[in-house]
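Hello,

Please find the structure below. My notes on it follow.

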Amino acid sequence: MSATVVMILALAMGTYAFRLVGPVLHGRVDIPPRVQELLSAGAIVLLVALLATGALTEGGGFAGWARPAGVLVGAVLAWRRAPFVVVVLAAAATTAVLRAAGVG
């Protein structure tokens with residue numbers, strides 16, 4: 001077996017183990033409310049960081065203004081509870097129109 005296959009299998013087993021831990025330990029471990037709040041805040045911070053790096057960078061540099069504008073339009077529509085398809089299409093259209101106009 002090649003090293004790549006071994007690594008893929010190890011990652012698959014680790015992922016399965018993480019998914020299995022929740023149902024197995026449910027009810028056996030009591031997590032304090034403060035820890036639950038911190039975990040929720042940590043998840044939000046990670047998602048915002050992922051959004052920021054995906055929206056603002058490309059190839060190690062600034063992605064230009066079109067992409068962040070598209071993300072902003074999508075975020076506003078999602079916040080206003082627009083349908084998912086509308087959010088995606090509006091964000092893509094905003095980015096495309098700005099790039100076609102030469103904004104970058």
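Which helix gives the largest share of the nonpolar patch? Helix 1 does, with five residues. Before the details, note that this is a predicted model, in which local features need pLDDT of at least 70 and side-chain atom pairs count only at pLDDT 80 or more, while totals for chains, interfaces and linings use all residues. Residues are numbered from 1 along each chain as its sequence is written, and side-chain values use heavy atoms, with hydrogens and water left out.

Helix 1 covers residues 3-25, 23 in number. (Helices are DSSP runs of H or I with at least four residues, numbered from the N terminus.) From first C-alpha to last, helix 1 reaches 32 Å, close to the 33 Å expected at 1.5 Å a residue; the expected span is 1.5 Å times one less than the number of residues. After helix 1 comes Gly 27, with a positive phi near 90°.

The nonpolar surface patch measures about 790 Å², and its residues include Tyr 16, Leu 20, Ile 31 and Leu 39. (Patch residues have over 30% relative accessible area and no salt bridge, and nonpolar side chains are joined within 5 Å; areas come from the Shrake-Rupley method with a 1.4 Å probe; a salt bridge is a side-chain nitrogen of Lys or Arg within 4 Å of a carboxyl oxygen of Asp or Glu.) Helix 1 and helix 2 (33-56) each supply at least two residues of this patch.

Thr 95 is found in helix 4 (residues 84-100). Thr 95 is buried, at 12% relative accessible area, where buried means under 20%.

Regards

Conventions:
Patch = residues over 30% accessible without salt bridge, like charges linked within 9 Å, V, L, I, M, F, W, Y side chains within 5 Å. Buried < 20%, exposed > 50% of the residue type's maximum accessible area, 1.4 Å probe, protein only.
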